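Here is a short briefing on a ligand site and on model confidence. Read it alongside the structure below.

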Amino acid sequence: MSGFSADWLALREPYDGRARNRDVLQSVATAAAEGHTVAVVDLACGIGSTLRAIAPRLPPRQDWRLVDNDLSLLARAAAGKAIPGIAVTRIPVDLTRDLEAALDGAVNLVTASALLDLVSADWLDRLVTEVAARRLPFYAALNYDGRVSFEPADPLDAAVIAAVNRHQQTDKGFGPALGPRAAEAAITCFKAAGYAVVQGSSDWHLLPRDHGIQRDMLAGWAGAAREIGAVSLPEAAAWLTRRRDLLAAGRSTITVGHVDIFARPIGTRAAERSQSKSTSSPSG
Ligand SMILES: C[S@@+](CC[C@H](N)C(=O)[O-])C[C@H]1O[C@@H](n2cnc3c(N)ncnc32)[C@H](O)[C@@H]1O
């Protein structure tokens with residue numbers, strides 16, 4: 001068990017699907033269109049939401065390797081009807097231990113959704129090193145960036161979200177987490193590794209009708225703020241009650257900030273091969 005329930009991942013999937021940044025997705029699709037078949041490794045796949053979100057934009061022949069350390073989520077990943085042309089393998093891997101094994105073999109795209117904010121700076125560095133050593137493109141979507149706004153506002157919102165953002169930086173299994181700094185850190189690392197990076201926002205815009213997800217988010221935030229100790233129990237409880245009352249009255253709107261990135265090695269292997277042929281061929 002990873003602490004992420006299949007119900008929660010299923011609840012957020014349609015919001016993630018709508019939020020994914022279209023320009024970033026288009027860059028992924030354009031890069032993948034260069035190949036005949038695309039072989040994807042989805043790191044921390046959960047119940048397979050990334051596959052469902054991006055497979056329609058990739059070439060028709062796809063080979064997906066879904067990786068997670070939570071066997072119950074993996075069992076749910078791609079458990080539905082087979083999609084013609086798409087082969088799926090599910091592999092249990094603890095990414096803190098066996099990241100390198102997850103990336104080995106035939107791969108030409110690495111994906112990860114809602115993962116990078118959970119990982120540490122050291123693990124991110126290891127990931128970028130391994131991805132760059134294989135010259136693989138990397139699509140990382142839905143990285144929480146710390147921006148949350150409420151409408152209508154409550155006097156305690158800022159204190160709760162500041163506490164949540166501190167909680168986001170505690171250890172989520174990979175060492176002290178990057179939390180809201182994840183996308184920025186990944187962009188810096190990939191650029192330093194010689195990658196071109198496209199980025200764009202993928203915010204959730206939760207409307208008053210989005211009851212279920214708002215309820216879960218509010219409860220999670222109150223709990224996290226309480227746990228980190230920055231907000232007292234009576235304050236957190238009172239804040240939660242006020243926000244739930246607004247939700248019940250059909251008056252609650254919440255925006256949650258995310259950033260998507262697509263990092264691509266500068267110069268494709270094919271371009272480099274043809275360049276090295278032309279520079280090494282006899283000139284006469
Ligand atoms: C927020 S969920 C995202 C799931 C999925 N990518 C999505 O977008 O719905 C984080 C995922 O990371 C996985 N995870 C956490 N720690 C892991 C580890 N050490 N190795 C492999 N997967 C891990 C969890 O099991 C969970 O599926």
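**Ligand site briefing**

The ligand occupies the largest pocket. The model is predicted. Its chain has a mean pLDDT of 92.

**Shell around the ligand**
- The ligand has 19 residues around it.
- Those that come nearest are Ala44, Asp68, Asp94, Leu95 and Ser113.
- By class, the shell counts 10 nonpolar, 6 polar and 3 charged residues.

**Polar contacts to ligand nitrogen**
- Asp94 places a polar side-chain atom 2.9 Å from a nitrogen atom of the ligand.
- Asn69 also uses a polar side-chain atom, which lies 3.2 Å from a nitrogen atom of the ligand.
- Ser113 takes part through its backbone: a polar atom there is 2.9 Å from a nitrogen atom of the ligand.

**Burial**
- Taken alone, the ligand exposes 590 Å².
- The protein buries 97% of that area.

**Confidence**
- A pLDDT of 70 or more is reached by 93% of the residues in the chain.
- Residues 270-284 have pLDDT below 50.
- In the model, this 270-284 stretch has 3 contacts beyond near neighbours in sequence.

Definitions and conventions:
Residues are numbered from 1 along each chain as its sequence is written. This is a predicted model: local features need pLDDT of at least 70, side-chain atom pairs count only at pLDDT 80 or more; totals for chains, interfaces and linings use all residues. Side-chain values use heavy atoms; hydrogens and water are left out. A residue is near a molecule or strand if one of its heavy atoms lies within 4 Å of it. A polar contact is a pair of N or O atoms within 3.5 Å; within protein, one must be able to donate a hydrogen and the other to accept it, and residues adjacent in sequence count only if both atoms are side-chain atoms. Accessible areas come from the Shrake-Rupley method with a 1.4 Å probe; for residues, only the protein chains shown count as cover. On a 1 Å grid over the protein atoms alone, a cavity is a set of points where a 1.4 Å probe fits but cannot get out, and a pocket is an open set with protein on both sides within 12 Å along at least five of seven lines; lining residues have an atom within 4 Å of a point. A molecule sits in a cavity or pocket if more than half of its atoms lie within 2 Å of its grid points. Ala, Val, Leu, Ile, Met, Phe, Trp, Tyr, Cys and Pro count as nonpolar, Asp, Glu, Lys and Arg as charged, and the others, Gly among them, as polar. pLDDT is the predictor's confidence in each residue, from 0 to 100. Contact means heavy atoms within 4.5 Å.
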